[in-house]
Every structure is written in structure tokens, then in C-alpha cells.
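Reader: Could you take me through one part of this model up close? I'd like the place where the helices meet, with the residues and the distances spelled out.

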Amino acid sequence: MMTDEWIGGNALANMQAMEMLRDLAQRSSDKAVESLGQLQRQQQEAQTQLGQLQRYREEYQRKLHDSLTQGVSSSQWRDYQQFIGSLDKAIEQQQRRLGEHQTRVDSGRQHWQGERRKLNAYETLHARGERDAAYRQARQEQRHSDEMAAQLLRRQQDARHSQQS
């Protein structure tokens, strides 16, 4: 009986430790998903900025085309070309930023998935521990019930023997 109590106490400590680990993994997973959301918002902002730059360049290119049909001076042509060149550089730079954001999002997604797998593992172990504890409890109750039935049977047998004597 002492062994069962020790095992039961040990199991309780293990269950409490598993719950603590599961809670920590849940918090870590929650933080990872929050971080991933922030990274995705930053990526979306970078994508929006890139789109704005590209639309602005297209608009400016149209203005240049319209001006060319009406005639422009060489200095105006040079100014248009320089401005379009600086827009092209800004677009390239924004495309690099967008690529960096995509890399961060991919990394954040992998981190979150790893945290989620860890949480799932702890939840599985916790559920297994609860099933084991319920099984041990049922076995203990069955043993107790069997002992009670055996004692009752012995009393009934003793009572019959004493009536026959």
C-alpha cells in the first residue's frame, strides 16, 4: 500500500509538472503567434508601400509620355528621367525590404509551428497522464471494492459457521 501511495504522489507531482510545462508551452505558442501576426502586418505594409511606389512611377511615366507628345525641353526630359531613375531605385530598395520581411515571416511561421508542435506534445503527454491516473484510480477503487466484498463474504461464512456450531 505504501508503494501505491508513493506512486500516486509521484504521479500527482508529474501531472502538476506536466501542466506547468503545458501552460508554459501555451504561453510561448501564443507569443509566437502574436509575433507572427506583427511580422505579417509589417510585410503587408511593405507590400502596400511598394504598390504605391509602382503606381506613382506608372503615373509619372504617363505624364512623361503625355509631355513628349506635346514637346519638352532637354532639361525637362533630364528631370523626368532622373526622377524616374530615383523612383526605380526606391522600388528596388522596397522590393529588397519586402523580401526581408518575407524571410522574417517565414522564420516566424516556422518558430510558431515549432512552438505549436511542442504544445501538442505536452498536451498529449498530459492527456496520457490523466488517462493513466484515471486507470490507477479505477484499479484502486476496484481493489478496495474487492476487499470489501471479500470481507463481507468472510463475515457471512463466519456467521454461518457459528450458527452451525
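Author: Here's a walk through the contacts between the two helices, followed by a few spots along each of them. Keep in mind that this is a predicted model.

Let's start with the nonpolar side of things. The largest nonpolar core has 5 residues in all: Tyr-60, Leu-64, Tyr-80, Ile-84 and Leu-87. Two elements, α1 and α2 (74–164), each give two or more residues to this core. The largest share comes from α2, with 3 residues. As a general backdrop, nonpolar side chains in soluble globular proteins tend to be buried together.

Ile-84 is a handy residue to zoom in on. If you skip its neighbours within four places in sequence, Ile-84 is in contact with Arg-57, Tyr-60, Gln-61 and Leu-64. Two of those names, Tyr-60 and Leu-64, belong to the core itself. Arg-57 also has a polar partner: its side chain meets that of Asp-88 in a salt bridge, at 2.3 Å from N to O. That pair ties together distant parts of the chain, since Asp-88 sits in helix α2 and Arg-57 in helix α1, 31 residues apart. How buried or exposed are these two partners? Asp-88 is partly exposed, at a relative accessible area of 26%, and Arg-57 is partly exposed too, at 24% relative accessibility.

The count of salt bridges comes to 4, so let me pick out a couple of others. In helix α1, the side chains of Lys-63 and Glu-59 meet in a salt bridge with an N to O distance of 3.7 Å. Lys-63 and Glu-59 are 4 residues apart in that helix, which means that about one helical turn separates them. Lys-63 is partly exposed, with a relative accessible area of 40%, and Glu-59 is partly exposed at 35%.

Helix α2 has a pair of its own to look at. Lys-118 forms a salt bridge with Glu-115, and the closest N and O atoms are 3.6 Å apart. Because Lys-118 and Glu-115 are 3 residues apart in helix α2, they are separated by about one helical turn. What about cover here? Lys-118 is partly exposed, with a relative accessible area of 37%, whereas Glu-115 is buried, at 9%.

Back to helix α1, where Gln-43 is placed. Gln-43 counts as buried because its relative accessible area is 17%, under the 20% cut-off. Leaving out neighbours within four places in sequence, Gln-43 is in contact with Leu-98, His-101, Gln-102 and Val-105.

Now for the record. UniProt lists residues 36–63 as "coiled-coil region", in an unreviewed entry. In the model, the chain over residues 36–63 is 100% helix and 0% strand, with its end C-alpha atoms 41 Å apart. Gln-43 falls within that listed range, and so do Arg-57, Glu-59, Tyr-60 and Lys-63.

One last spot on the outside: Met-20, Leu-21 and Leu-24 form a nonpolar patch on the surface, with about 270 Å² of accessible area together. Leu-21 is found in helix α1, which covers residues 2–70. Leu-21 is partly exposed, with a relative accessible area of 33%.

How values were computed
Residues are numbered from 1 along each chain as its sequence is written. This is a predicted model: local features need pLDDT of at least 70, side-chain atom pairs count only at pLDDT 80 or more; totals for chains, interfaces and linings use all residues. Side-chain values use heavy atoms; hydrogens and water are left out. UniProt positions are given in the numbering used here, feature names are shortened, and annotations may be inferred rather than shown by experiment. Patches are made of residues with over 30% relative accessible area and no salt bridge: like charges are joined within 9 Å, nonpolar side chains (Val, Leu, Ile, Met, Phe, Trp, Tyr) within 5 Å. Accessible areas come from the Shrake-Rupley method with a 1.4 Å probe; for residues, only the protein chains shown count as cover. Buried means under 20% relative accessible area, exposed over 50%, partly exposed in between (1.4 Å probe, protein chains only). A nonpolar core is a set of buried Ala, Val, Leu, Ile, Met, Phe, Trp, Tyr and Cys residues joined through side-chain atoms within 4.5 Å. Contact means heavy atoms within 4.5 Å.
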